[in-house]
Amino acid sequence: MTLASASDLPAKDKLSGSSDPFVELAFGGQSHATVPQRRTLAPVWNQTFEFSVFAEFSGELVLRVRHQLQGLGWDRRAKDIGECRIPVRSGWGAVGGEQWV
């Protein structure tokens with residue numbers, strides 16, 4: 001899947017009036033994370049991730065948007081910005097097709 005962008009995110013850094021957002025993606029016990037984008041409320045990631053799935057599957061894709069705290073790595077403490085849970089089943093976004101959310 002390709003995570004393109006976000007818009008109108010809330011400012012979690014009150015001093016700068018912006019955020020340093022990144023996204024944690026989880027599906028079927030697998031997880032990935034985007035590279036944090038600095039000082040923006042409309043980040044553009046355009047990062048592609050792969051999840052292994054079986055022929056017959058169902059589950060939930062969890063996208064968790066977080067703000068990287070200054071001076072810490074992306075895998076350290078972060079503030080939550082928001083979360084989206086998307087039900088996924090066999091045939092959703094099939095190879096060669098697109099599914100926008």
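**Charged and nonpolar contacts in a predicted model**

Me: In which strand is Arg66 found?
Reply: The structure discussed here is a predicted model. Within this model, the residue range 58–68 forms one strand, and Arg66 is found there. That strand is E5.

Me: Is Arg66 buried or exposed, and at what relative accessibility?
Reply: A residue is called buried when its relative accessible area is under 20%. Arg66 falls under that cut-off and therefore counts as buried, its relative accessibility being 11%.

Me: Which side chain makes a polar contact of 2.8 Å with the side chain of Arg66?
Reply: The side chain of Arg66 has a polar contact of 3.5 Å with that of Glu24, so the cut-off of 3.5 Å for such a contact is just met. The contact at 2.8 Å involves another side chain, that of Asp80.

Me: Leaving aside neighbours within four places in sequence, which residues are in contact with Arg66?
Reply: Both polar partners of the Arg66 side chain, Glu24 and Asp80, belong to this set. With neighbours within four places set aside, the full list is Asp20, Pro21, Phe22, Glu24, Ala78, Lys79, Asp80 and Ile81.

Me: How many residues apart are Arg64 and Glu24, whose side chains meet in a salt bridge?
Reply: The salt bridge between Arg64 and Glu24 has an N to O distance of 3.7 Å. Arg64 belongs to strand E5 and Glu24 to strand E2, so that this pair links distant parts of the chain, 40 residues apart.

Me: What is the relative accessible area of Arg64, and what is that of Glu24?
Reply: The class "partly exposed" lies between the buried limit of 20% and the exposed limit of 50%. Arg64 is partly exposed, and Glu24 is partly exposed as well. The relative accessible area is 27% for Arg64 and 22% for Glu24.

Me: How far apart are the closest N and O atoms in the salt bridge of Arg64 with Asp80?
Reply: Asp80 is partly exposed, with a relative accessible area of 41%. Arg64 forms a salt bridge with Asp80, and the closest N and O atoms are separated by 3.0 Å. This pair joins strand E5, which holds Arg64, to strand E6, which holds Asp80, across a sequence separation of 16 residues. The N and O distance asked for is 3.0 Å.

Me: Which residues are linked in a network of salt bridges?
Reply: The structure holds seven salt bridges. Among them are the pairs Arg64 with Glu24 and Arg64 with Asp80. The network is made up of Glu24, Arg64, Arg66 and Asp80.

Me: With which residue does Arg85 form a salt bridge?
Reply: The closest N and O atoms of this salt bridge of Arg85 are 2.7 Å apart. Arg85 lies in strand E6 and its partner in strand E5, so the pair ties together parts 25 residues apart in sequence. Arg85 is partly exposed at 48% relative accessibility. The partner, partly exposed at 38%, is Glu60.

Me: Which side chain makes a polar contact with the side chain of Glu83?
Reply: Glu83 has its place in strand E6 and counts as partly exposed at 46% relative accessibility. Beyond its neighbours within four places in sequence, Glu83 is in contact with Val62, Leu63 and Arg64. The polar contact, at 2.8 Å, is with the side chain of Arg85.

Me: Which residues touch the most other members of the largest nonpolar core?
Reply: The largest nonpolar core has 14 residues. Strands E2, E5 and E6 each give two or more residues to this core. The members touching the most others are Val23, Leu25, Phe51, Leu61 and Leu63.

Me: Why does the pair of Phe27 and Phe51 count as edge-to-face?
Reply: The structure holds one aromatic pair. The ring centres of Phe27 and Phe51 are 6.1 Å apart, and their planes stand at 80°. Planes over 60 degrees apart count as edge-to-face, so the angle that decides the class is 80°.

Me: Which residue in E4 is the bridge partner of Thr2?
Reply: Strand E1 is joined to E4 by three bridges, and the two run antiparallel. The uncovered face of strand E4 consists of Val44, Asn46 and Thr48. The bridge partner of Thr2 belongs to that face and is Thr48.

Methods: Residues are numbered from 1 along each chain as its sequence is written. This is a predicted model: local features need pLDDT of at least 70, side-chain atom pairs count only at pLDDT 80 or more; totals for chains, interfaces and linings use all residues. Side-chain values use heavy atoms; hydrogens and water are left out. Helices (H or I, at least four residues) and strands (E, at least two) are DSSP runs, numbered from the N terminus. Buried means under 20% relative accessible area, exposed over 50%, partly exposed in between (1.4 Å probe, protein chains only). A polar contact is a pair of N or O atoms within 3.5 Å; within protein, one must be able to donate a hydrogen and the other to accept it, and residues adjacent in sequence count only if both atoms are side-chain atoms. Contact means heavy atoms within 4.5 Å. Two strands pair if DSSP finds at least two bridges between them. A nonpolar core is a set of buried Ala, Val, Leu, Ile, Met, Phe, Trp, Tyr and Cys residues joined through side-chain atoms within 4.5 Å. A salt bridge is a side-chain nitrogen of Lys or Arg within 4 Å of a carboxyl oxygen of Asp or Glu. Rings of Phe, Tyr and Trp (its six-membered ring) pair if their centres lie within 6.5 Å; planes under 30 degrees apart count as stacked, over 60 as edge-to-face and the rest as tilted.
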